[in-house]
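Grab a pencil and work through a few short exercises on the structure below. Try each task yourself before you read its solution.

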Amino acid sequence: MADGIQRNLDPGPPEERNIYEAMASGKDVRKIPMTLGDALIALEADDVIRGALPGEMYTVFSHYKRDEWERFCATVTDWDVKEYLDILP
């Protein structure tokens, strides 16, 4: 928010419609990342947000969140077991 105020950015008119109806009628909507991994990629590319994390905060945050994402990706969940166990030979 501070970046927008400092640069005097116009956020545009408020959207009063249901967002799904607005999208169905052609409104272009940027979607947020669906996974932590995608969010970390977006964060790395966003100088404004990175700049809001002072000193080494971004480096430490990124390190811990990437480790968290890698551990999550390596985890076998109950869903994995239910979905795939029966198809194994």
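## Salt bridges

Six salt bridges are found in this structure, which is a predicted model.

**Exercise 1.** Find the partner of arginine 66 in a salt bridge, and work out which parts of the chain the pair ties together.

*Solution.*
- Step 1: Look at the side chain of arginine 66, and you'll see that it meets the side chain of glutamate 44, at 2.8 Å from N to O.
- Step 2: Place both residues: arginine 66 belongs to helix H5 (residues 57–73) and glutamate 44 to helix H3 (residues 36–45), so the pair ties together parts that are 22 residues apart in sequence.
- Step 3: Check the exposure. Arginine 66 has a relative accessible area of 28%, so it is partly exposed. Glutamate 44 is partly exposed too, at 44%.

**Exercise 2.** Stay in helix H5 and say how far apart lysine 65 and glutamate 68 are along the helix.

*Solution.*
- Step 1: Lysine 65 and glutamate 68 form a salt bridge, with 2.8 Å between the closest N and O atoms.
- Step 2: The two are three residues apart in helix H5, so about one helical turn separates them.
- Step 3: Lysine 65 comes out as partly exposed, with 26% relative accessibility. Glutamate 68 is also partly exposed, at 32%.

**Exercise 3.** Which residues are linked with Glu15 in a network of salt bridges?

*Solution.*
- Step 1: Start with the salt bridge between the side chains of glutamate 15 and arginine 17, which is 2.8 Å from N to O.
- Step 2: Now widen the view: the network links Glu15, Arg17 and Lys27.
- Step 3: For exposure, glutamate 15 has a relative accessible area of 33% and is partly exposed. Arginine 17, at 43%, is partly exposed as well.

## Surface and pocket

**Exercise 4.** Put valine 81 in its place, and decide whether it is buried, partly exposed or exposed.

*Solution.*
- Step 1: Valine 81 sits in helix H6 (residues 78–84).
- Step 2: Its relative accessible area is 39%. Buried would need under 20% and exposed over 50%, so a value in between means partly exposed.
- Step 3: Look around it: Val81 makes a nonpolar surface patch of about 390 Å² together with Val76, Leu85 and Leu88.

**Exercise 5.** Which residues line the largest pocket, and how do they split by class?

*Solution.*
- Step 1: Get the volume: the largest pocket holds about 160 Å³ of space.
- Step 2: List the lining, which is Arg30, Lys31, Ile32, Pro33, Ala42 and Asp46.
- Step 3: Sort the lining by class, and you get three nonpolar residues, three charged and no polar ones.

Key:
Residues numbered from 1 in each chain as written. Predicted model: local features only at pLDDT ≥ 70, side-chain atom pairs only at ≥ 80, totals over all residues. Heavy atoms only, no water. Patch = residues over 30% accessible without salt bridge, like charges linked within 9 Å, V, L, I, M, F, W, Y side chains within 5 Å. Areas by Shrake-Rupley, 256 points an atom, 1.4 Å probe, with all protein chains shown as cover. Salt bridge = Lys/Arg side-chain N within 4 Å of Asp/Glu carboxyl O. Helix = DSSP H or I, 4+ residues; strand = E, 2+ residues; numbered from the N terminus. Buried < 20%, exposed > 50% of the residue type's maximum accessible area, 1.4 Å probe, protein only. 1 Å grid on protein atoms, 1.4 Å probe; cavity = no way out; pocket = protein on both sides within 12 Å on 5 of 7 lines; lining within 4 Å. Points joined across faces, edges and corners; volume = space filled by probe spheres on them. Nonpolar A, V, L, I, M, F, W, Y, C, P; charged D, E, K, R; others polar.
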